[in-house]
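Visitor: I am new to this structure and would like to learn how to read it, one feature at a time. Could we look at it together?

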Amino acid sequence: MDILLSHGYFLFDDPKERAIMKPYPPLGLLYLSSFLKQKNFAVEIFDGTFASRAQYAALLKEKRPKLVGLYSNLMTKFNVLEMIRQAKAQNCIVIVGGPDPPYYAEEYLNFGADVVVIGEGEEALQELIPFLSQEKFEQLATVAGIVFKDERGHIHRTPSRALLPDLDALPMPDRGAIDLQRYVDTWRTHHSMGAVSLITSRGCPYSCTWCSHSVFGKTLRKRSAALVVSEVEMIRAEYQPDMLWYADDVFNINHKWLFEYATELKRRGIQIPFECICRADRMNEEVVRTLKEMGCFRVWLGSESGSQRLLDLMKRGVKAEQVQAMTRLAKRYGIATGMFLMWGFEDENEDDIAQTVEHVKRANPDLVLTTVSYPIKGTEYYGRMTEQNLVTGNGAWEQSNDRDFHIAGRHSKRYYDFVNRWMHNELALQRMQESGNGAWLQRARKKMSAQLGKLGMRWTVREKEA
């Protein structure tokens, strides 16, 4: 074995994920595996999704890999740190990559990692593996896009590596390296629909101030429509999924590509139900109709807020009215809608929150998922918050992540829990009002207004205008 690849997601260690039971395989590692195998490296993947850290430790003792490559993101960081510790206990050389390490490279190295990869990992690993396997550490300075320590403990950051220009040159992800059927079966058991994920592009060209671009950059690189359809054919033949999840940051940016893809799916007689994430400003009736014809049963829209002031501050490049209109349009075509919202962004005030609640009611999505904003290091949002001395850490780096930052002036978790409940109740109450349950509606509104008053929220719940 030339390298063991792994990640820090352990489904059964996370009560929230166990309740959801919608795991997706580590596509990034599967792409690395297929690329490296194509270059004649011997690669194994330890997929921790249905396993445990104890099994990972046992595998290290059994296989004793020379090199271990670990993918780390904000949510899996703590598990990855433990995996680094376990690997170093077996004298492995550890390479770390993913969204979190680029802005904490020195911390990962000080914790025990030997090399941090910045950005895409395929070509970097292709160059690193021979040097590290032969312990030619003096050659590391020739590898672009990495951070490492020299023998004297000095940190070196090499010039950045160019992004892969042609995604069609990559082999298909190495789904055979893991038990992908278990993912499909888990979905089918818990949700009656077995799912497989795939990706048609890398990168996002937009500049939302809170979003990290540390791996794929701010470009949009698409795989050819025909190649993606061939992958779908392979997925259908091998796993017979009931649905697909397109894991692109935004699925509908390139209209020309979307229409070509739809045409090629139709030509080959393929229509598998799917869900995806879209931008409202890149939707119109032709796009929505095409999504429906392709088999889209749910589209997720990144709304974030109903306050145009905050949307502009976020540099979202979208109008709240567009989100409302496109949500309603998708529903008219029989496509279920999901909406992402973000509370607590920068100087969000009560009026911004009230506008967001009204925005959700006007859009009337089928599902709403919310989060409280947090500044990710390396983003414009983080930069602004730190420049204003509003961000403070929460303990040692190895014991906290970016979600643990304290922002001066931020309301309590209890406050946002009530805001969430208010928003969801307002949406439910609106639907009840439309169905004629007016008396119960008035009682519920008064109760919610009283609860909000206890939190110091000064606005009143407004009646729907006639």
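Guide: Let us begin with a charge and a ring, keeping in mind that this is a predicted model: Arg202 lies over the face of Tyr31, and the distance to the ring centre is 5.4 Å.

Visitor: Which residue has its charged end over the ring of Phe418?

Guide: That residue is Arg421, whose charged end sits 4.8 Å from the centre of the Phe418 ring.

Visitor: How should I read a sheet, and in what order do the seven strands of the open sheet come?

Guide: The general idea is that strands of a sheet pair through backbone hydrogen bonds, either parallel or antiparallel. Here seven strands form an open sheet of mixed pairing, and their order is S2-S1-S3-S4-S5-S6-S7. At the edges stand strand S2 (43-46) and strand S7 (155-157), each of which pairs on one side only. If direction is ignored, neighbouring strands of this sheet are turned against each other by 20 degrees on average.

Visitor: In which sense do S1 and S2 pair, and over how many bridges?

Guide: Strand S1 (residues 3-7) pairs with S2 in the parallel sense, over four bridges, and one bridge to look at joins Leu4 to its partner Glu44 in S2. Helix H3 (residues 53-63) packs on this sheet, where it touches S1, S2 and strand S3 (67-71), and the direction of H3 makes about 155 degrees with that of S2.

Visitor: Where do the side chains of a strand point, and how does that look in S8?

Guide: In a regular strand the side chains alternate between the two faces of the sheet. In strand S8 (residues 195-198), Ala195 and Ser197 point one way while Val196 and Leu198 point the other way, and all of them are buried. S11 can be read likewise, with Met243 and Trp245 pointing one way, Leu244 and Tyr246 the other way, and all of these buried.

Visitor: Which bridge partners in S11 do Val196 and Leu198 have?

Guide: S8 and S11 run parallel and are joined by four bridges; the partner of Val196 is Leu244, and the partner of Leu198 is Tyr246. S11 also pairs with strand S12 (residues 274-278) in the parallel sense, over two bridges, and in S12 it is Phe274 that stands opposite Leu244.

Visitor: How is a pair of aromatic rings described, and how many aromatic pairs does the structure hold?

Guide: A pair of aromatic rings is described by the distance of the centres and the angle of the planes. The structure holds 18 aromatic pairs. In one of them, the rings of Tyr246 and Tyr261 have centres 6.1 Å apart and planes at 90 degrees, so this pair is edge-to-face. The pair links distant parts of the chain, 15 residues apart, with Tyr246 in strand S11 (residues 243-246) and Tyr261 in helix H9 (residues 255-267).

Visitor: Are Tyr246 and Tyr261 buried or exposed?

Guide: Tyr246 is buried because its relative accessible area is 1%, and Tyr261 is buried because its relative accessible area is 0%. A tilted pair is formed by Phe345 and Tyr381, at 4.6 Å centre to centre and 40 degrees between the planes. Phe345 lies in the loop between strand S14 (336-343) and helix H13 (350-363), and Tyr381 lies 36 residues away in helix H14 (residues 380-387). Both of these residues, Phe345 and Tyr381, are buried.

Visitor: Which residues form an aromatic cluster with Tyr246?

Guide: The cluster joins Tyr246 with Phe251, Trp257, Tyr261 and Phe274.

Visitor: What do the buried residues of H14 pack against?

Guide: The buried residues of H14 are Tyr381, Tyr382, Gly383, Arg384 and Met385, and they pack against H11, strand S16 (391-392) and strand S17 (406-407). Just after H14, Asn389 takes a positive phi of about 55 degrees.

Visitor: Where is Ser305 found, and is it buried or exposed?

Guide: Ser305 is found in the loop between strand S13 (296-304) and helix H11 (308-314), and it is buried, since its relative accessible area is 1%. The side chain of Ser305 reaches the backbone nitrogen of Ser307 at 3.0 Å. Leaving aside residues up to four places away in sequence, Ser305 touches Leu310, Leu311, Met314, Leu341, Thr356 and His359.

Conventions:
Residues numbered from 1 in each chain as written. Predicted model: local features only at pLDDT ≥ 70, side-chain atom pairs only at ≥ 80, totals over all residues. Heavy atoms only, no water. Pairing = 2+ DSSP bridges. Axes fitted to C-alpha atoms, helices over the stretch in contact; angles between N-to-C directions. Contact = heavy atoms within 4.5 Å. Phe/Tyr/Trp six-rings, centres within 6.5 Å; stacked < 30°, edge-to-face > 60°. Buried < 20%, exposed > 50% of the residue type's maximum accessible area, 1.4 Å probe, protein only. Lys NZ or Arg CZ within 6 Å of the ring centre and 35° of its normal. Polar contact = N/O pair within 3.5 Å; in protein donor to acceptor, adjacent residues only side chain to side chain.
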